[in-house]
Amino acid sequence: MRHRITFFHRNEHGIEPSSLEIRDRSISGPDLVAVREHRVTLALEELPAELQELLHEIHELHIRWSSPQAHDTLGPWTSRLPPGLHTFYTPQTASATDSVRLCTQLRAAFGDLDCLSPAESFTKLPTDRFSHSTAFQYFQPLDALTNLSTYAEQYACNSGDLDCKKWAQELGNAVSLDLSYDAISHAVKITAIWSEQRQQLLIDSYPDHRTEIGILTPDSPPHLESHELGVTGLLTVLGEDTKPSPVLFAFPSRHKDASSTFSSSFLRPLGLHPTLQLRINSGNPPSQDSSCSLHAYLTLPRSIFADKYQLGDELFLSSKNLSALRYISQPVDLEAPDYAMNSWGSSVLLELQPPSIQGESPWTAEIPLHLRYLSPGEGGYSSINVPWPAVFWACNTEEGTKFVNSPFDRANLGYDGLFGPRTLFWHLTPGSEGKSDLNHQIRVPVLDLNKTQWVSTGTTAVVLVGFAYIVFKLASVYWRRGYGSQKPATKSEKKKHLAFVLLFYDPVTKYLTAGQEPQLLPRTPRPQINESLLAIDAGNETAPLSCSPDAYSVHILSKAPLVVYIENFLSLDEREHLFQISEPLFEPSTITNDGDKTQHNALVRDSEVALIPRTDVVRCIEERARSFQGWRDDLWIERLRTQRYGPSQHYTHHFDWGSGARGWGRVSSFMVWVKTHDIEGGGTEFPRLQRNGPDQPWCRWVECPDPDLANPSNDNTKKEDGEPITGVTFKAVPGNAVFWENFRPDGTGRGWEETWHAGLPVRKGTKVGLNVWSWGRLTS
Ligand SMILES: O=C(O)CCC(=O)C(=O)O
Ligand SMILES: [Fe+2]
């Protein structure tokens, strides 16, 4: 077992080194005003047997707890989380998620948690992001570590060990606790932090425990880089050192304090669709020389949720000072009442939109949320706990920056895995005058148990009256006409019957066919678009072109959606030409939404793009792409763009189509590979697409886990159990291309979900691609 106890104080609270007294196995000195961290590292064998058994089922486990009491942070411990208990977990095997052991232990340690088993109560974390993250997440608001303190006293301390008991009791006052285990190191690290206060300096060590004591304060060693923190102070290893060793060092820090603040409140009246308002005291990014964006990370217990469809509308977002919904855990059932769900809730990452004119004045952003129906209760109201979000600037650091080997590194916080590995987080301090509880307690209207009798009697009465009315109407028709009677109905009777039938027929058929037959879009005239983005011939460009005959061959990968692989789409000369004309024009790429608006976000798309001039060679390529699509009416090739990716650059998963709601849109895409240099990675991945073709020839062009091209019966389209593998990654093969149609041909304006794709990060070398997009009428 190893202990590391670090005191971190402001410069003005320093103590004289000579005032420290180091004896055999202890250190003492004057009281210190400091933040204290106590880290205990245990080998697996040092834990109680039931914990060892549990950890054998686990590949990775990270528990993070943050206090709802507002507190300042200092030095290396600036990272923030929404208050409560966060658990991130990867099992050894998929079946281990059914085991209730983890939840049982969590309940034993932390108290009354709503945790049944990972399969039921945890949510899945994304695996398509760039940083490493665990597979599952669980969260529950938890105000204090009182239960853990008693648990530790019972299970970790021998009966006469007063120091251990004191430590266990002090856990109840900690402001943050981390527990990390992974099956590679086989070690458990427990780190507790106490906020800045007067601390007693009197520590004894155990004979077989290595105990290091650090008393540190901020400093700036020479050559301190912007992503580093510098510290100076005294280190002592109890039992080894007879006097403290002075140190001065710098280490990379993933988290920093942004020196600005925010507060969070719910707008009144709350209703069933409450709005969370964040008030931020400054719109200035913490660093002017790197690209930074402001985010709020929310962990919403299942009684409250965000609607991803509502947060997908750019105009709506902008009216709330939000830029984009960057992540929401899936699935979030928008309809289910709280009591019909087992999973803990959902996490949401939103990018906020600070005022365009930067300044020190406060501004607000509003997050629309929705409450679920809760179980009926006495008095007609229930109370729920919603933690304040964590709010931080995410800034890209310089290429090559690494955040490893830091003695105080903190990862696996839920949001860090959603950003690239070079991201530096600058945290805003939560809190507002006189308010120290970082939890919102909100009152939710529920069915009043004292009034349920009225509601059930009333509902029964309304249903019975309605039913009696329908029976009466049907019976009166029967009495008047008689069953099978030959007497023809009069004109006015016919009209009445018809009205009666129509009254019920329409809503009933609509209800029964909901979700089955999507509406066809009407044929609308072409909307106003920016024609300069289309490759439209004008004036002297219309002279007939002499293009060399097509030399490509095609291979169909899928018919629905239509996905065609094209070999030799570009000749060597064309590739060289495209590269030559692009090179001087490359600039950082933007993300385009439906051709209307552009924005830059290196987290989503990190590459350089060039809108290339329409030289004769380019116009021949445009014409080739156009004729490939059968000369459909109302279809234009968009101005061609090349894009270049260097190491770690990428384009996150996306659809090329924004919306087809108006009957017009980006109907098809070609991804053409122009040039690669010494490339590793950088494939174009379609995670929802399935390859139906055989390995030969496909494994030449797409990634196959186990290609054996000499063996025609080798099949990389199925798993060992015969289940088809979903996901196709095209390798970047210069000269070749993949073409796909973005919309379903059924006239409903719906896009193909299977066309969701990404330019995976280039691990080494460079890749130059060419986008050929076609814009036009969805069905012609
Ligand atoms: O570079 C790639 O592999 C994909 C690029 C892409 O999807 C795009 O530019 O829309
Ligand atoms: Fe794309």
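Colleague: What makes the pairing of Asn771 with an oxygen atom of ligand 1 a polar contact?

Modeller: A polar side-chain atom of Asn771 sits 3.0 Å from an oxygen atom of ligand 1. The cut-off for a pair of N or O atoms is 3.5 Å, so this pair counts. Keep in mind that this is a predicted model.

Colleague: How do you know that Asp656 and His757 make polar contacts with ligand 1 too?

Modeller: Same kind of check. For Asp656, a side-chain N or O atom is 3.2 Å from a ligand 1 oxygen, and for His757 the distance is 2.9 Å. Both values fall within 3.5 Å, so both pairs pass.

Colleague: Which residues come closest to ligand 1?

Modeller: Ligand 1 has 13 residues around it, and the closest are Gln643, Tyr645, Thr684, His757 and Lys767.

Colleague: On to the helices. Why is helix 4 called roughly antiparallel to helix 5?

Modeller: Helix 4 covers residues 146–156 and helix 5 covers 162–171; they pack at about 160 degrees, with their axes 7 Å apart. Anything over 145 degrees counts as roughly antiparallel, so helix 4 gets that label against helix 5. Their crossing is right-handed.

Colleague: Which residues of helix 4 and helix 5 meet?

Modeller: From helix 4 come Leu148, Ser149, Ala152, Glu153 and Ala156, and from helix 5 come Cys164, Lys165, Ala168, Gln169 and Leu171. By type, that contact has 6 nonpolar, 2 polar and 2 charged residues.

Colleague: And why are helix 2 and helix 4 called roughly perpendicular?

Modeller: The axes of helix 2 (residues 101–110) and helix 4 cross at roughly 95 degrees and come within 6 Å. The range for roughly perpendicular is 65 to 115 degrees, so helix 2 and helix 4 fit the name. Helix 2 brings Gln105, Arg107, Ala108, Ala109 and Phe110 to the contact, while helix 4 brings Asn147, Leu148 and Tyr151. Those residues split into 5 nonpolar, 2 polar and 1 charged.

Colleague: What makes helix 9 oblique to helix 10?

Modeller: Helix 9 (residues 572–582) packs against helix 10 (residues 616–628) at about 120 degrees, and the axes are 10 Å apart. That angle is outside 65 to 115 degrees and not over 145, so helix 9 ends up oblique to helix 10. The crossing of this pair is left-handed.

Colleague: What is that contact of helix 9 with helix 10 made of?

Modeller: Glu574, His577, Leu578 and Ile581 of helix 9 meet Val617, Val618, Ile621 and Arg624 of helix 10. The tally is 5 nonpolar, 1 polar and 2 charged.

Colleague: Now the backbone. How do you know that the peptide bond from Ala560 to Pro561 is cis?

Modeller: Omega is the clue: for the bond from Ala560 to Pro561 it is near 0 degrees. Pro561 lies in the loop between strand 25 (553–559) and strand 26 (562–567).

Colleague: What is omega for the cis bond that joins Gln696 and Pro697?

Modeller: About 15 degrees for that one. Pro697 belongs to helix 11, residues 695–698.

Colleague: What makes Asn321 one to point out?

Modeller: Asn321 has a phi near 60 degrees, which is a positive value in a residue other than glycine. Look for Asn321 in the loop between helix 6 (314–319) and strand 17 (322–328).

Definitions and conventions: Residues numbered from 1 in each chain as written. Chains lettered and ligands numbered in written order. Predicted model: local features only at pLDDT ≥ 70, side-chain atom pairs only at ≥ 80, totals over all residues. Heavy atoms only, no water. Axes fitted to C-alpha atoms, helices over the stretch in contact; angles between N-to-C directions. Helix = DSSP H or I, 4+ residues; strand = E, 2+ residues; numbered from the N terminus. Parallel < 35°, antiparallel > 145°, perpendicular 65-115°, else oblique. Left-handed = near helix turned anticlockwise from the far one by under 90°. Contact = heavy atoms within 4.5 Å. Nonpolar A, V, L, I, M, F, W, Y, C, P; charged D, E, K, R; others polar. Near = heavy atom within 4 Å. Polar contact = N/O pair within 3.5 Å; in protein donor to acceptor, adjacent residues only side chain to side chain.
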